[in-house]
Amino acid sequence: MKNFTYYRPLSLEAAVALLDTRWGTTELLAGGTDLLDLQKEYIAQPDKVVSLTFIQDPVFTRIEVPQILPGTKPTVSIGAAVKIADIAEHAELKHLFPALTDAAAQVGGPQIRNMGTLGGNLCQRNRCWYFRDEHVLCLLKGGRRCFAADGENRYHAIFTKGHPCVIVHPSTLAPALIALGASVEVLGPNGKRTIELSKFFQAPTKPDQREHVLAPNEIVVRVLIPVEGLRNASYEVRHKQSYDWPLAQAAVAFRLIGGKATDVRIVLGHVAPTPHVATEAQKVVEGQTITRELAEKAGEAATAGAVPLSQNAYKVHLVKVAVKRALLLASGAQPDWVI
Amino acid sequence: MSQTHPPPGKPGISRRQFLTGTGLGAAATALLRTSEAPTQANQAQAPKTVGFGPNPVACELLVNGARITVHIEPRVTLLDCLRHYMDITGPKRVCDRGTCGACTVLLDGRPIYACTMLALEAQGKKIETPESLYEDGQLHRVPAAFVQYDAQQCGFCTPGFVMAMKACFDRNPNATPAEVEQGLAGNICRCGTYQQMRDALRSLCKKGG
Ligand SMILES: Cc1cc2nc3c(=O)[nH]c(=O)nc-3n(C[C@H](O)[C@H](O)[C@H](O)COP(=O)(O)OP(=O)(O)OC[C@H]3O[C@@H](n4cnc5c(N)ncnc54)[C@H](O)[C@@H]3O)c2cc1C
Ligand code: SF4
Ligand code: FES
Ligand code: FES
């Protein structure tokens, strides 16, 4: 790891003031589960590391669930410094947003969840093995081509949408949060702004871009989730029970009125450079009663537009299964698969 | 990453400078308490955050109840700080990438990977390493069960598994075998001694931890 100067600001404003206006020279450090890895591999070589660990602003460090009264539109606030384990185990969040807490409970392993934060999870870098290899200069690192496009791509995107870098977005919390209609509050040199989470991610293609739209001198302060009484669930297909990222994930949320699903959101994870909204599948479910047949049809529809690479056609099938099962889970159906 | 002991001579910044440089001396060493959070006033006095390093800086950690100060570069991980600078070698360095659990220590009671945290980030927190499990000639019941059930082969993963298992019982003395196994999901045994570890943890569950 290249050595650096370490800063320990005690407020979010002081942290922002330390950040550079371009990527690469300064890095924010939260749980370190991603950043330290990147530094050890010389993918990140910051001169300055700005620790967020000693900032005690409650907006940044706490989970706030307001009283939920009929006729009000309450919002849950989860600070960016909240540990993933604390999200997974939070009783009220489990009740309101099982899509989020189930996804949180499956991230990495216990140690990763005890260290990793919500902000770090949303801002983590992609896991493409060419990107993570110091000796490979691929497109995203300023090279001329993407080595995954026709190389070892079994864990890469099936919805590439013409993007020249075919990574998948690594966050499993993001699809759940997008389905729940969450937004992020961000602090920069000019103050705060709020971004809908569905507009927070981007498909990067150059070294001066990240997997999100933040400026290099902005910090995620918290995530806001409206309490809308939506049924919601997340289903992940995993190779191993722990340690790894899922192969495919579907997060769903909808309102159930008179047995019919409305305001349907279906968001896929680990199949595209950004969390992928399955618009066609949403249309299939909108206004309908969720049955096994309908869930299966939605799964089929969710694969619309998929163009697998040489080694990942299997993910097309996983998407169908994940969407079907997430819909059934959210509708309250008894699982007919082994869990 | 520096594998050697701290270079001789003066560190780049004295302990006093390091502690006061943050504008909140107490936060750097003592256990952080909310009452010690910076007020608007003292932040206004210290608008500029002082940096530490890249030369070695003083770092005091609270390990197994003892306060230990070493001089380390900011890039030194908690694991390397414990092993190379404090001679606390219970936590093992196997993958050094947060993917095996051999380096597991408890930070304020929760298992974490010491290889994936900077030592400076662990300041003010209670650190427990496998060394804490042998006191007054008495082996803690978790490692004792590992001995009884022959739950190790090469032993490299063992300190990490023991710490992760201890954390499960500390948290819930009535944890079920399934719950403890979930708590061990961040540790890998390359020798595959899982059945013996299962036997060991079942014996502890029966005794109510
Ligand atoms: C073995 C393993 C398995 C994993 N499995 C999963 C999984 O299944 N699903 C999943 O979602 N993730 C998974 N992860 C990733 C893990 O969730 C992330 O590494 C973690 O959430 C990052 O959080 P952190 O606080 O440690 O971030 P750090 O490593 O400290 O930071 C990560 C990045 O985010 C930036 N950052 C951090 N906080 C902020 C902020 N507040 N504002 C702006 N930028 C910020 C940092 O500058 C850095 O670039 C896994 C990781 C490992 C090692
Ligand atoms: S997918 Fe992106 S990160 Fe991976 S090799 Fe291609 S350009 Fe590089
Ligand atoms: S050495 Fe830390 S997890 Fe492997
Ligand atoms: S006993 Fe050898 S790795 Fe577990």
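Buried means a relative accessible area under 20%, exposed means over 50%, and partly exposed lies in between, with a 1.4 Å probe and the protein chains only. By that definition A:Ala44 is buried, because its relative accessible area is 8%.

The model is predicted, so local features need pLDDT of at least 70, side-chain atom pairs count only at pLDDT 80 or more, and totals for chains, interfaces and linings use all residues. Residues are numbered from 1 along each chain as its sequence is written, chains are lettered from A and ligands numbered from 1 in the order in which they are written, and side-chain values use heavy atoms, with hydrogens and water left out.

**View 1. A:Ala44 in a loop of chain A.** The loop with A:Ala44 runs between helix H2 (35–40) and strand S3 (48–51). Helices (H or I, at least four residues) and strands (E, at least two) are DSSP runs, numbered from the N terminus. Leaving aside residues up to four places away in sequence, A:Ala44 touches A:Glu27, A:Leu35, A:Leu38 and A:Gln39. Contact means heavy atoms within 4.5 Å. A:Arg132 is 88 residues from A:Ala44 in sequence, and their C-alpha atoms are 9.9 Å apart.

**View 2. Ligand 2 and its surroundings.** Ligand 2 sits in the largest cavity. A cavity is a set of points, on a 1 Å grid over the protein atoms alone, where a 1.4 Å probe fits but cannot get out. A molecule sits in a cavity if more than half of its atoms lie within 2 Å of its grid points. Around ligand 2 there are 13 residues, and A:Cys128, A:Cys138, A:Cys146, A:Cys165 and A:Val166 come nearest. A residue is near a molecule if one of its heavy atoms lies within 4 Å of it. The shell holds 12 nonpolar residues, one polar residue and no charged residues. Ala, Val, Leu, Ile, Met, Phe, Trp, Tyr, Cys and Pro count as nonpolar, Asp, Glu, Lys and Arg as charged, and the others, Gly among them, as polar.

**View 3. A:Cys165, one of the residues that come nearest to ligand 2.** A:Cys165 belongs to the loop between helix H8 (118–123) and helix H9 (173–179) of chain A. A:Cys165 counts as buried because its relative accessibility is 7%. Beyond residues up to four places away in sequence, A:Cys165 touches A:Leu139, A:Leu140, A:Pro204 and A:Pro273. A:Leu139 is 26 residues from A:Cys165 along the chain, with 7.0 Å between the C-alpha atoms.

**View 4. A:His270 and its positive phi.** Most residues other than glycine have a negative phi, and most peptide bonds are trans. Phi of A:His270, however, is near 70°. This residue is in the loop between strand S11 (260–269) and strand S12 (276–277) of chain A. A:His270 is buried, because its relative accessible area is 3%.

**View 5. A:Gln282 in a helix and A:Gln311 in a loop of chain A.** A:Gln282 is part of helix H10 (residues 279–285) and is buried at a relative accessible area of 15%. Residues up to four places away in sequence aside, A:Gln282 touches A:Val264, A:Arg265, A:Ile266 and A:Val277. A:Gln311 is in the loop between helix H11 (292–302) and helix H12 (314–331), and is partly exposed at 29% relative accessible area. With the same sequence neighbours left out, A:Gln311 touches A:Gly151, A:Glu152, A:Asn153 and A:Arg154.

**View 6. Chain B and two of its loops.** Chain B has eight helices and eight strands, and 49% of its 209 residues are buried. B:Gly53 and B:Pro54 are joined by a cis peptide bond, with omega about 5°. B:Pro54 is in the loop between strand S1 (51–52) and strand S2 (57–63). B:Asp96 is a residue other than glycine with a positive phi, near 60°. Its loop runs between helix H4 (78–85) and strand S4 (104–107), and B:Asp96 counts as buried at 10% relative accessibility.

**View 7. B:Glu131 in a loop of chain B.** The loop with B:Glu131 lies between strand S6 (126–128) and strand S7 (134–135). B:Glu131 is partly exposed, because its relative accessible area is 34%. Residues up to four places away in sequence aside, B:Glu131 touches B:Asn64, B:Ile88, B:Thr89, B:Gly90 and B:Pro91. B:Asn64 is 67 residues from B:Glu131 in sequence, and their C-alpha atoms are 7.6 Å apart.

Methods: 1 Å grid on protein atoms, 1.4 Å probe; cavity = no way out; pocket = protein on both sides within 12 Å on 5 of 7 lines; lining within 4 Å.
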